[in-house]
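Here are some exercises to work through at your own pace. Keep the viewer open and try each task before you read its solution.

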Amino acid sequence: MFHPRMESRISGITVVGGLRWKAWPGLIADVWDVECTDDANGEYVSHAPRLFVLLETQADASIHLMCSPMGEPCATLGRERPMCFVPAGMPLWSRMNGGGRLKHLDIHFDLQAIPDRFPGGSKAAWNAPRLTFSDSRLMALARLFAMECDRKDAGNPLYERSLVAALLAAMGGGAVPEPHGGGLAAHQLRRVTRFIDDNCTRNIRLQELADLVGLSPSYFSQVFKASTGLPPHRWQLRRRVERVKALLSTGEISLTEIAVEMGFSDQAHLTRVFQRFTGSTPAAWQREHKA
């Protein structure tokens, strides 16, 4: 039987009521009810592509996703954008933003069986990550899969086959639908985000990023946003803001010095960008987050 060989390390997460799961030809679905502390975190990698769906959560709770263990959030899952598609072999780190109870569904796909179950599907399309998105059709199907995992009886084989076919069709015949024709492959996204992390204090030209993955600047901008939910420039600004937060938390240098170090034109420029991303001025944020 297909097994996704999911590997995970978690902290601050307690499973409530035990795992419920069910296997279909071509996929396995499992449902988790968990209680999370405010600082709950995890590290995950699967040998099969998977669709993560946040079914229920506290009103103000969300999950930050990171592409590296020490990195800043590259996407955030919550009620507005509760879904995440992760290609096979792509490691992902998570951190809770607000604790409490949540329920989620994981669907692991067997790429060896997909052509048999849905002959029109393309395996290549399963390599494009989509770290946060929303799709009403997939959400409705996810809830049906979660109900099947909770069933005590064997279920109706015809209905279950139809459910799998509907899921694959909703995912574009073998891939999560992407605007503009697709997203970056996992290795491409890692390369680009790592480059941005290393160079975020200077103005990075779009051409530089596009050259990293051999795409035109206009097309790269489209597929980067499809993969992350943000345009490249806004991603870079958010990385700068996260580094500003780290410097503010130490309290060792002034805002003027931070602005210069982080590549802003002046303190006023830093304040405008910081407020746009956090809703707070740097000084107010620093007062609220003093140790």
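The exercises below deal with aromatic rings, pockets, strands and two single residues.

This is a predicted model, in which local features need pLDDT of at least 70 and side-chain atom pairs count only at pLDDT 80 or more, while totals for chains, interfaces and linings use all residues. Residues are numbered from 1 along each chain as its sequence is written, and side-chain values use heavy atoms, with hydrogens and water left out.

**Exercise 1. Aromatic pairs**

Task: Find the aromatic pairs and describe the geometry of F220 with F224 and of F274 with W285.

Solution:

Step 1. Start with the rule: rings of Phe, Tyr and Trp (its six-membered ring) pair if their centres lie within 6.5 Å; planes under 30 degrees apart count as stacked, over 60 as edge-to-face and the rest as tilted. The count by this rule is 4 aromatic pairs.

Step 2. For F220 and F224, the ring centres are 5.6 Å apart and the planes stand at 40°, so this pair is tilted. Both residues belong to helix α6 (residues 217-228), where they are 4 residues apart, about one turn of the helix. Helices here are DSSP runs of H or I with at least four residues, strands are runs of E with at least two, and both are numbered from the N terminus. F220 and F224 are both buried, where buried means under 20% relative accessible area, exposed over 50% and partly exposed in between (1.4 Å probe, protein chains only).

Step 3. Now turn to F274 and W285: with centres 6.2 Å apart and planes at 80°, the pair is edge-to-face. This pair links distant parts of the chain, as F274 is in helix α9 (residues 267-278) and W285 in helix α10 (residues 282-288), 11 residues apart. F274 is buried, at a relative accessible area of 0%, and W285 also counts as buried, at 12%.

Step 4. Finish with the cluster: F220, F224 and W235 form one.

**Exercise 2. Charges over rings**

Task: Which rings have R234 and R238 over their faces?

Solution:

Step 1. A charge sits over a ring if NZ of Lys or CZ of Arg is within 6 Å of the ring centre and within 35 degrees of the ring normal.

Step 2. R234 lies over the face of F277, 4.4 Å from the ring centre. R238 lies over the face of W235, at 5.3 Å from the ring centre.

**Exercise 3. Two pockets**

Task: Describe the largest pocket and the second largest pocket by volume and lining.

Solution:

Step 1. On a 1 Å grid over the protein atoms alone, a pocket is an open set of points where a 1.4 Å probe fits, with protein on both sides within 12 Å along at least five of seven lines; lining residues have an atom within 4 Å of a point. Grid points are joined across faces, edges and corners, and a volume is the space filled by probe spheres set on the points.

Step 2. The largest pocket holds about 650 Å³ of space. It is lined by 31 residues, of which M6, W32, Y44, H104 and D106 are the closest to its centre. Strand β3 gives the most to this lining, with 8 residues.

Step 3. The lining of the largest pocket has 22 nonpolar, 6 polar and 3 charged residues. Here Ala, Val, Leu, Ile, Met, Phe, Trp, Tyr, Cys and Pro count as nonpolar, Asp, Glu, Lys and Arg as charged, and the others, Gly among them, as polar.

Step 4. The second largest pocket holds about 560 Å³. Its lining has 23 residues, and the closest to its centre are H64, P73, T76, R238 and E242. The largest share, 5 residues, comes from α7. By class, this lining has 8 nonpolar, 8 polar and 7 charged residues.

**Exercise 4. The partners of β9**

Task: Which residue of β9 is the bridge partner of A29, and which of L51?

Solution:

Step 1. Two strands pair if DSSP finds at least two bridges between them. β3 and β9 pair in the antiparallel sense over 10 bridges, and β4 and β9 pair in the antiparallel sense over 7.

Step 2. In β9, A29 has I107 as its bridge partner, and L51 has I107 as well.

Step 3. In β9, 9 of the 10 residues are buried, so this strand is largely enclosed by the rest of the structure.

**Exercise 5. Two single residues**

Task: Where do A61 and M96 lie?

Solution:

Step 1. A61 lies in the loop between β4 and β5 and counts as buried, at 5% relative accessibility. Its C-alpha atom is separated by 37 Å from that of Q207, 146 residues apart along the chain.

Step 2. M96 lies in strand β8 and is buried, with a relative accessible area of 9%. The C-alpha atoms of M96 and T76, 20 residues apart along the chain, are separated by 9.6 Å.
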